[in-house]
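Grab a pencil and open the viewer. Below are some exercises on one structure, each with a worked solution.

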Amino acid sequence: MALKLMQIAPHEAEDPTELSLRQAFELLEPKLRPPFSLTIPKPQEYSLLNKAILYGVLYECHLGKTHIKHLHAIVTDGYGLFVSFLTKVVNELYVKLLEPLKCQLIWVTKELIDVLAVGVDGLLVCLLRQIVGGDFSDGNLWLCFEMVNILLTKWDCLLEVESMILTSGLYTYLRLLADHCRQLSNPKLEALKQLEIDFCIKVLKEQFPLCLKIGRDLVRLLQDLVHLPKFRAIWKDLVLNQGEFKSLGFSGIAQLYITRTPSQYMLLRITPEMEAQLRFLLTHVKLGSHKRHQAWFAKKFLCEPNRETVIVDIVRFICCAHHPPNEIIQSDVIPRWAVIGWLLKSCTKNYVEANAKLALLYDWLFFEERVDNIMNIEPAMLLMVCSIPRYIDITHTLLEFLFLLMDNYDAEHYDILVKGVSSSFSVCVKKGVIRSLDVLTSCDALSPILKERLGRFLLGTKFEISGKLIQARLPGHFERVKNSTCMETPTPSPESMR
């Protein structure tokens with residue numbers, strides 16, 4: 001009997017995917033030794049042979065090259081079936097896979113890239129999703145290193161296979177770099193950070209037309225890295241010297257602002273296991289029994305040191321990639337806004353809370369009904385309204401943060417931000433997310449100054465921006481927003497309202 005691919009506790013049932021692969025290997029093991037049969041297998045035999053070879057590649061590391069030669073000899077579908085089985089292993093077994101087998105998995109992935117295997121781009125995306133945000137364990141950093149190394153060393157092949165894998169890598173590593181750069185006393189990270197920087201800069205400089213497809217979240221991610229010289233140079237070119245990117249049709253940063261980021265990018269920083277648990281919570285768990293599910297989720301995914309930063313990615317995922325049908329919205333299942341409210345309350349660090357609120361409100365700043373999805377802005381609107389009166393502090397801090405962003409996020413494009421926020425309020429009422437904005441404008445529990453500002457804004461009054469808060473279109477002003485005591489939601493001064 002062949003040994004198992006992963007470690008499981010005695011009480012755990014055998015995984016059906018692993019069992020299927022192992023049974024195929026045991027059945028066909030005599031045929032996996034040279035000389036190989038030259039007979040073309042029938043479809044059912046072909047499927048079994050692919051499973052058996054995959055198991056052999058992973059388990060018999062010393063015979064990996066032999067098994068791959070066998071695969072090359074029998075393949076009739078561009079490696080599509082083999083890649084689909086390997087992708088299933090990554091999605092379902094990676095977390096519990098034995099460490100030596102993870103090394104073998106990376107090796108066979110490189111082999112598949114070299115032959116331009118069908119579906120290898122999807123396999124790479126699945127591997128990128130196994131990198132856990134805020135996790136500085138040796139195993140997670142090893143996977144970070146291996147994946148960025150693949151993206152750099154297999155650059156030409158990946159452009160030929162599917163160039164969009166490079167933008168998936170860019171989104172992933174821009175986000176990871178923000179976490180890695182906060183670890184100032186971790187020598188194990190230095191070489192990795194340099195590789196991550198080299199890869200991101202290479203994509204931005206050499207494949208900028210592809211980067212435009214990421215849309216507005218590219219700007220959000222870049223802003224966390226402008227303290228690094230190479231990224232600050234990129235930022236300056238983005239806002240001042242667009243010609244440096246040599247991209248026909250690129251008119252400036254406003255073009256990114258009005259481009260909605262496709263939802264598949266939001267999945268990149270959520271592991272498959274985390275996604276499954278979030279979707280279960282938001283589809284099956286009813287209000288009243290949600291607290292124990294939330295506690296379990298927090299214990300599993302949020303409680304280890306530095307893991308809190310993944311809250312930002314979860315909020316963005318809930319807003320942009322999990323859109324429940326009407327029957328769920330109208331049921332007593334815990335709504336998205338309530339889960340996001342819980343996540344905001346779970347933040348213990350100011351910069352995490354600020355980035356989580358930015359993730360929640362980001363689409364508000366650039367919302368255009370013609371191209372944007374109301375489901376992206378619905379959670380913030382409902383969280384503001386449904387927090388009245390019991391959690392009025394959430395209503396207050398979100399409204400204040402929204403105006404703070406509108407005033408200071410990008411003074412050069414203030415008109416875009418005003419239009420976006422105004423459209424967001426208007427569409428939420430028009431589409432029936434809330435009946436009326438009176439619930440906010442007539443709320444006695446809100447700060448009078450904040451309530452006055454909201455009323456004036458909704459009436460179309462334009463506000464001057466204090467020159468003290470504007471900084472030459474570089475994102476330093478937003479850094480101050482994230483790091484200042486405004487995260488404790490002070491009452492804005494009358495001068496800032498003029």
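**Exercise 1. Are Arg 175 and Asp 179 buried or exposed, and what links their side chains?**

Step 1: both Arg 175 and Asp 179 are buried, where buried means under 20% relative accessible area, exposed over 50%, and partly exposed in between (1.4 Å probe, protein chains only).

Step 2: their side chains meet in a salt bridge, 3.4 Å from N to O. The term covers a side-chain nitrogen of Lys or Arg within 4 Å of a carboxyl oxygen of Asp or Glu.

Step 3: Arg 175 and Asp 179 sit four residues apart in helix H9, so about one helical turn separates them. Helices (H or I, at least four residues) and strands (E, at least two) are DSSP runs, numbered from the N terminus.

A word on the ground rules before you go on. This is a predicted model, in which local features need pLDDT of at least 70 and side-chain atom pairs count only at pLDDT 80 or more, while totals for chains, interfaces and linings use all residues. Residues are numbered from 1 along each chain as its sequence is written, and side-chain values use heavy atoms, with hydrogens and water left out.

**Exercise 2. How many salt bridges does the structure hold, and which parts does the one between Arg 129 and Glu 275 tie together?**

Step 1: the count for the structure is 38 salt bridges.

Step 2: in the pair of Arg 129 and Glu 275, the closest N and O atoms are 2.7 Å apart. Arg 129 belongs to helix H6 and Glu 275 to helix H16, so this pair ties together parts that are 146 residues apart in sequence.

Step 3: check the burial, and you'll find both Arg 129 and Glu 275 buried.

Step 4: now try Asp 444 and Lys 451, whose side chains meet in a salt bridge at 3.8 Å, N to O. Here Asp 444 counts as exposed, at 71% relative accessibility. Salt bridges that share partners also join Arg 216, Asp 217, Arg 220, Arg 316, Asp 363 and Asp 372 into one network.

**Exercise 3. Why is helix H6 described as largely enclosed?**

Step 1: go through residues 120-129. Seven of the ten residues of H6 are buried, so the rest of the structure largely encloses this helix.

Step 2: name them. The buried residues in H6 are Val 120, Leu 123, Leu 124, Cys 126, Leu 127, Leu 128 and Arg 129.

Step 3: look for the cover. It includes helices H4 (80-93), H5 (99-114), H7 (138-153), H8 (155-162), H9 (164-180) and H16 (272-284).

**Exercise 4. Which residues does Asn 50 touch, and which does Lys 213?**

Step 1: place Asn 50 in helix H2 (residues 43-59). Its relative accessible area is 0%, so Asn 50 is buried.

Step 2: list its contacts (heavy atoms within 4.5 Å). Not counting residues up to four places away in sequence, Asn 50 touches Leu 71, Ile 74, Leu 81, Phe 82 and Phe 85.

Step 3: move on to Lys 213, found in the loop between helix H11 (208-211) and helix H12 (217-223). Lys 213 counts as partly exposed, at 46% relative accessibility.

Step 4: leaving aside neighbours within four places in sequence, Lys 213 is in contact with Met 164, Pro 262 and Tyr 265. The C-alpha atoms of Lys 213 and Pro 262 are separated by 8.2 Å, with the two residues 49 apart along the chain.

**Exercise 5. How many aromatic pairs are there, and what is the geometry of Phe 403 with Phe 457?**

Step 1: a search of the whole structure turns up 19 aromatic pairs. Rings of Phe, Tyr and Trp (its six-membered ring) pair if their centres lie within 6.5 Å; planes under 30 degrees apart count as stacked, over 60 as edge-to-face and the rest as tilted.

Step 2: Phe 403 and Phe 457 are edge-to-face, at 5.8 Å centre to centre with 75° between the planes. Phe 403 lies in helix H23 (residues 392-408) and Phe 457 in helix H26 (residues 448-458), so the pair ties together parts 54 residues apart in sequence.

Step 3: both Phe 403 and Phe 457 are buried. Elsewhere, ring pairs link Tyr 257, Tyr 362, Phe 366 and Tyr 409 into a cluster.

**Exercise 6. What does the secondary structure of the protein chain come to, and how much of the chain is buried?**

Step 1: tally 27 helices and zero strands.

Step 2: buried residues make up 54% of the 498 residues in the protein chain.
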